[in-house]
Amino acid sequence: MVTEHAASDVVERAAEVLRGGGIVVLPTETVYGLAADAENPRAVARVYAIKGRPADHPLILHLAGGDLLPQWSANVRPYAQRLADALWPGPLTIVVPRSARVGDWVTGGQDCVALRVPDHPVALAVLEAFGGALAAPSANCFGRVSPTTVDHVRQELGELLDEHRDLFVDGGRSSVGVESTIVDCNGPAPVILRPGRVSAEQIAEACGVPVASTPPDPVRVPGSLNSHYAPHAAVDVVSLDNVPDETGEGVGFLALADVPTPAGAVRLSDPGTSTEYARALYAALREADSLRLDLVIAVPPGGDDALSAAIRDRLSRAAAVPR
Ligand code: TXA
Ligand code: MG
């Protein structure tokens, strides 16, 4: 498998691979995606098969710019348009009524579609060169930890991709590190379906409408499963007051830098801020698996910023996996 550095001709090659129905491992600012032509049902079916993702879990369509929104959506509410205008490109996905151009094979048959313009120069260049929309879930096996480097994807999915038809694009380490904030814009007020770096305050301000606190309808959002983002090691989320002084063998520890490591535990990362924590989170969970640890003790950041909330969300889902 050829790994292309984000140089000169890689963008053109990626666009060619996509036009030929292949899959491109695409860097974005949140996490790496497994991208296919959204209008090619066979290519999209391969994405589902490689991830082992159930067919009724809809995918996000990635666009080169907000000006393309009318091609992929219909009857977009004015507040949703304002949201896209204010925060794209960026780690924000909006769920809006779909246009006739969006196939059932990306929405799992739902009448709405998730759309986003990623804020990554390589992703934008590939989207621009390709011209259409790219259906791209995170490039990991279903239910597992998302990738934030191209090597994560190569290690996890390398053998499932085809060296002649598909392409890995290296865009460096994802700068945000957790998935986009998803906002349902179908109703009279925006509803946050998945927390990310874009905050409720930013959304309300951009929309000019307060964010509704209605919990997401599980039929509409099959992806909001309680257990997800999980390494093979068990994850134990503990508060600052409950960090043990010492642990047995095979235990990893993840917390902000000012929290001391329990005796006997392996420090997986020591981020100084929630921004650094989000960037390091998935690599740390993967590191626990490479070290064959049995358990990760994680102290989530306690801040009231959007990234701290997103990290708490991901860690609690990683911890919720039945064992
Ligand atoms: O940051 C991201 O959003 C990354 C990068 C690659 O862009 N993508 C990502 O995709 O996280 P994925 O497939 O791993 O997660 C997509 C989420 C799922 O939870 C799914 O349920 C939700 O988006 N979703 C997609 N279409 C939807 C729809 N029509 N209605 C409600 N939720 C939808
Ligand atoms: Mg995912």
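**Reading a predicted model around ligand 1**

Modeller: Let's start at the ligand. 25 residues surround ligand 1, and the closest are Thr30, Arg53, His62, Ser180 and Arg194. Keep in mind that this is a predicted model.

Colleague: Thanks! How do the residues of that shell divide into nonpolar, polar and charged?

Modeller: The shell around ligand 1 holds 13 nonpolar residues, seven polar ones and five charged ones.

Colleague: Which strands each supply at least two residues of the shell around ligand 1?

Modeller: Three strands do so: β4 (60-62), β6 (112-116) and β10 (191-194). The largest share comes from β6, with four residues.

Colleague: And which polar side-chain atoms should I look at beside the ligand's oxygen atoms?

Modeller: Try arginine 53, where a polar side-chain atom lies 2.9 Å from an oxygen atom of ligand 1. Arginine 116 also has one, 3.0 Å from a ligand oxygen. For threonine 30, an N or O atom in the side chain is 2.7 Å from an oxygen atom of ligand 1.

Colleague: How much of ligand 1 does the protein bury?

Modeller: The protein buries 96% of the 690 Å² that ligand 1 exposes when taken alone.

Colleague: Let's turn to the interior. Which residues have the most contacts inside the largest nonpolar core?

Modeller: First the general idea: in soluble globular proteins, nonpolar side chains tend to be buried together. Here the largest nonpolar core has 51 residues, and Leu61, Leu83, Ile94 and Leu115 have the most contacts inside it. Helix α1 (residues 10-19) gives the largest share of this core, six residues. Apart from it lies another core of 24 residues, among them Val176, Val235, Ala298 and Ala310.

Colleague: What does leucine 61 touch, leaving out residues up to four places away in sequence?

Modeller: Leucine 61 touches Ala38, Trp72, Val102, Val106, Val113, Ala114, Leu115, Arg116, Ala133, Leu134 and Ala135, on that way of counting. Arg116 is worth selecting here, as its side chain also has the polar atom 3.0 Å from an oxygen of ligand 1.

Colleague: Now the backbone. How should I read unusual torsions?

Modeller: The background is that most residues other than glycine have a negative phi, and most peptide bonds are trans. In this structure, the peptide bond from tryptophan 88 to proline 89 is cis, with omega near -5°. Proline 89 is found in the loop between α4 (78-87) and β5 (92-97).

Colleague: What is phi of asparagine 75, and is that residue buried or exposed?

Modeller: Phi of asparagine 75 is near 50°, a positive value in a residue other than glycine. The residue lies in the loop between α3 (69-72) and α4. Asparagine 75 has a relative accessible area of 72%, so it is exposed.

Colleague: Where is arginine 292 found?

Modeller: Arginine 292 sits in the loop between α9 (274-290) and β14 (295-298). Its phi is positive too, near 55°. Arginine 292 counts as exposed because its relative accessibility is 72%, and the cut-off for exposed is over 50%.

Colleague: One last residue: is alanine 284 buried or exposed?

Modeller: Alanine 284 is buried, because its relative accessible area is 3%, where buried means under 20%. Alanine 284 is found in helix α9. Not counting residues up to four places away in sequence, alanine 284 touches Leu254, Leu268 and Ser269.

Colleague: How far apart are alanine 284 and arginine 267 in sequence and in space?

Modeller: They are 17 residues apart in sequence and 9.1 Å apart in space, C-alpha to C-alpha.

Conventions
Residues are numbered from 1 along each chain as its sequence is written. Chains are lettered from A and ligands numbered from 1 in the order in which they are written. This is a predicted model: local features need pLDDT of at least 70, side-chain atom pairs count only at pLDDT 80 or more; totals for chains, interfaces and linings use all residues. Side-chain values use heavy atoms; hydrogens and water are left out. A nonpolar core is a set of buried Ala, Val, Leu, Ile, Met, Phe, Trp, Tyr and Cys residues joined through side-chain atoms within 4.5 Å. Buried means under 20% relative accessible area, exposed over 50%, partly exposed in between (1.4 Å probe, protein chains only). Contact means heavy atoms within 4.5 Å. A residue is near a molecule or strand if one of its heavy atoms lies within 4 Å of it. A polar contact is a pair of N or O atoms within 3.5 Å; within protein, one must be able to donate a hydrogen and the other to accept it, and residues adjacent in sequence count only if both atoms are side-chain atoms. Accessible areas come from the Shrake-Rupley method with a 1.4 Å probe; for residues, only the protein chains shown count as cover. Ala, Val, Leu, Ile, Met, Phe, Trp, Tyr, Cys and Pro count as nonpolar, Asp, Glu, Lys and Arg as charged, and the others, Gly among them, as polar.
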